[in-house]
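Student: I'd like a close look at one part of this model, the open sheet and whatever sits around it. Could you walk me through it in one go?

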Amino acid sequence: MALDLTAEQKALGKANANDVAEDLSRRGFMKSVGAGAVLAPAVAATYYGYEASQGKPVKVALIGCGDEGGILLNEHDPKTVEIIALCDIRPYNQNRIIEGEGPTTPRRGYKEIYGKEAGEKVRNAHMYTDVKEMLQKEKDLEAVIIALPLHLHKPVAIDCMRAGKHVLCEKLMARTVADCKEMIKVAKETGRILSIGHQRHYSLLYAHATDVINAGVLGDIKHIRALWHRNFSWDWKPDGKKIVENVPGIRQPAPMFRDGWFQPILQMDYDALKDKFSQFGYNSVEELVRWRLFNRTGGGLMAELGSHQLDAASIFLGKVKPLSVQGVGTRSFFGDVHDEKDRRNPRGIDDSVFVTFEFPGKNHPQGPHKGTDTHDVVVLTYSSISTNGFEPYGETVMGTRGTMVVTAESELMLYKEPEPGKGSPAKTTMAKVETVGNKPAMAAAGTWGGPPPAAAAGAAPGIAGAGGPVSRGYKEEMADFAHCIRLWKNDVGYQKNSDDKYVQRLPRCHGEVAMADAILALTANLAMARRQKIDFDLDWFKSDSDKCPDTGVEHKD
Ligand SMILES: NC(=O)c1ccc[n+]([C@@H]2O[C@H](COP(=O)([O-])OP(=O)(O)OC[C@H]3O[C@@H](n4cnc5c(N)ncnc54)[C@H](O)[C@@H]3O)[C@@H](O)[C@H]2O)c1
């Protein structure tokens with residue numbers, strides 16, 4: 001079962017997902033579907049329990065205005081989170097965050113969102129290169145959103161919390177597990193909110209998927225297959241030219257391959273930063289621009305891509321802690337950063353990773369039911385490669401009665417297992433849910449093949465992403481952050497619950513939750529580097545324990 005489904009199979013899978021959700025919703029198993037409405041997804045604010053409009057927007061600075069900073073700026077709602085200052089050191093990105101890439105692109109820019117005048121005001125008066133200077137000068141600032149390279153997450157988040165600001169920091173939480181623990185400690189000491197940007201915690205599509213899994217219709221889940229494959233091996237041909245030398249505006253040597261992580265270095269950025277990179281925490285301008293390719297500044301494919309999908313898989317499994325990880329990481333296509341003559345887009349990180357995790361199944365002693373069956377494990381494989389993009393990115397959850405496929409954070413598909421001897425699971429149509437014992441279950445397919453139902457072929461409403469764009473969760477994560485800030489009283493977040501009592505309200509992906517994701521990704525890296533199977537220690541997941549998987553590991557290149 002792969003993610004490379006045909007359009008017809010996809011349409012069928014989406015129709016199946018809608019059918020199952022409809023049945024489950026009627027039976028009260030779909031919390032993420034609005035009450036009374038058949039397959040109208042719940043309003044995110046209601047489902048996640050935040051107020052969409054806060055009355056008074058939280059005043060925020062965006063630190064790191066690169067690719068992801070541009071997405072966050074695009075997705076935020078100024079009525080909830082008002083961005084009053086920006087901080088970045090690359091002139092190109094300083095300009096791009098203001099001007100944007102066009103009104104219909106995913107990076108519309110500050111001027112498009114706040115208006116021309118406001119854009120110029122921020123460019124001239126509230127654009128910083130130095131975080132500490134910004135924290136000193138911006139007296140109205142309540143919070144920051146950090147979209148910086150990984151190695152800077154901890155120091156900058158801590159500086160901001162110590163300056164009294166609440167922090168929403170991009171994933172991966174930090175470069176080491178000890179760094180994650182320090183961030184949590186400072187959040188507690190300073191009484192600040194620390195939220196981490198794993199957006200799947202705020203995606204309704206993942207909430208639907210989790211509802212379906214929790215209802216039990218997939219049967220006994222024993223395998224999850226997640227992957228993120230891209231092909232970065234094509235020649236780099238700017239403007240269609242084959243020549244890669246002497247491209248105007250690009251510092252030489254230019255990239256050899258069209259590799260999204262090996263960005264060309266713009267002459268304007270090089271001129272501005274060639275004497276300053278060390279002051280901003282880098283060994284070179286190359287390291288600053290291509291930080292993802294170095295083990296010191298990034299955490300490789302596991303941190304950048306794998307962490308998202310391990311997060312998703314662990315949400316599906318009820319956020320249980322993993323048992324073990326092993327894997328193979330290779331750098332077999334691109335060049336080595338230590339070889340100065342090697343022009344093959346050199347790097348320090350692996351260009352392909354393949355890891356296998358064991359998670360506790362339902363009846364395992366560490367599983368959700370705290371059973372006694374130590375054989376009850378779920379095997380999760382994760383691969384990320386850079387030289388073939390045949391399959392897109394996504395997760396496949398395989399149970400004894402059915403399979404769930406989530407692709408590209410936007411589509412949800414379901415397939416049931418066929419009756420013995422009755423054909424391929426990817427082609428089966430799905431009868432509605434039936435009751436087995438007192439639980440919902442997918443009936444085995446009695447038929448297979450056939451055209452998708454009409455509703456699925458067009459713009460079907462419902463949960464499966466067939467009816468239009470699906471929010472990936474960025475908007476919701478920023479709204480939830482703002483909501484927590486507005487509730488923050490006496491340095492502890494409280495809100496009234498239905499009994500009129502005050503209860504603590506932390507963001508859904510607060511420090512402890514995100515640290516578990518960091519442990520998954522960083523321990524997988526260790527297992528690959530050591531070529532060992534590593535058993536997880538539950539103390540690693542406790543923020544008040546000094547135990548960490550990566551103590552003493554140095555990340556030099
Ligand atoms: N949640 C997601 O889906 C998602 C997707 C992409 C990236 N990210 C995360 O967002 C973060 C940023 O990634 P990106 O793709 O935007 O990288 P990027 O290189 O495009 O942007 C980083 C920006 O930080 C700036 N910067 C670097 N050092 C600085 C310093 N000392 N002071 C001020 N500015 C500095 C750079 O000039 C650059 O503009 C990373 O942690 C990444 O993992 C998350």
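Tutor: Let's start from one pair of residues and work outwards, keeping in mind that this is a predicted model. Q326 sits opposite T356, a residue of β9. The strands in play here are β8, residues 324-330, and β9, residues 352-360; they run antiparallel and are joined by seven bridges.

Now step back to the whole sheet. It is open and has eight strands, ordered β13-β12-β11-β7-β10-β9-β8-β19, with mixed pairing. At the edges you find β13 (411-416) and β19 (534-535), each of which pairs on one side only.

Two helices are worth a look against this sheet. Helix α1, residues 7-26, lies across β12 (402-407) and β13, and its direction is at about 85° to β13. Helix α10, residues 204-215, packs on the sheet too, where it touches β11 (394-399), β12 and β13; the angle between its direction and that of β12 is about 170°.

Stay with β12 and β13 for a moment, as the loop between them has some backbone oddities. As background, most residues other than glycine have a negative phi, and most peptide bonds are trans. A408 lies in that loop, and its phi is positive, about 45°, although A408 is not a glycine. E409 is in the loop between β12 and β13 as well, with a positive phi near 55°. How many C-beta neighbours inside 10 Å does E409 have? E409 has 21, so it counts as buried. A408 has 13 other C-beta atoms within 10 Å, so A408 is partly exposed.

Another strand of the sheet leads to a cis peptide. After β7 (221-229) comes a loop that runs to α11 (267-273), and P253 is found there. The bond joining Q252 and P253 is cis, with omega about -5°. There's also a cis bond between K171 and L172, where omega is about -20°. L172 has its place in the loop between β5 (166-170) and α9.

That brings us to α9 itself. Helix α9 (residues 177-190) packs with helix α8 (residues 153-162); the angle is about 5° and the axes are 10 Å apart. Angles under 35 degrees count as roughly parallel, and therefore α8 and α9 are roughly parallel to each other. On the α8 side, the contact is made by K154, A157, I158, M161 and R162, which meet D179, E182, M183, V186, A187 and T190 of α9. By class, the residues of this contact are six nonpolar, one polar and four charged.

The ligand is the next stop. Around it are 24 residues, of which G66, E68, R90, N93 and E170 come nearest. Helix α3 (residues 67-75) gives the most to this shell, with three residues. The shell divides into ten nonpolar, seven polar and seven charged residues.

Finally, here's the setting for all of this. The protein chain has 16 helices and 19 strands. Of its 557 residues, 47% are buried. If you take the contacts between residues at least 6 apart in sequence, 67% join residues at least 24 apart.

Conventions. Residues numbered from 1 in each chain as written. Predicted model: local features only at pLDDT ≥ 70, side-chain atom pairs only at ≥ 80, totals over all residues. Pairing = 2+ DSSP bridges. Helix = DSSP H or I, 4+ residues; strand = E, 2+ residues; numbered from the N terminus. Contact = placed C-beta atoms within 7 Å. Axes fitted to C-alpha atoms, helices over the stretch in contact; angles between N-to-C directions. Buried ≥ 20, exposed ≤ 12 C-beta atoms within 10 Å, placed from the backbone. Parallel < 35°, antiparallel > 145°, perpendicular 65-115°, else oblique. Nonpolar A, V, L, I, M, F, W, Y, C, P; charged D, E, K, R; others polar. Near = placed C-beta within 6 Å.
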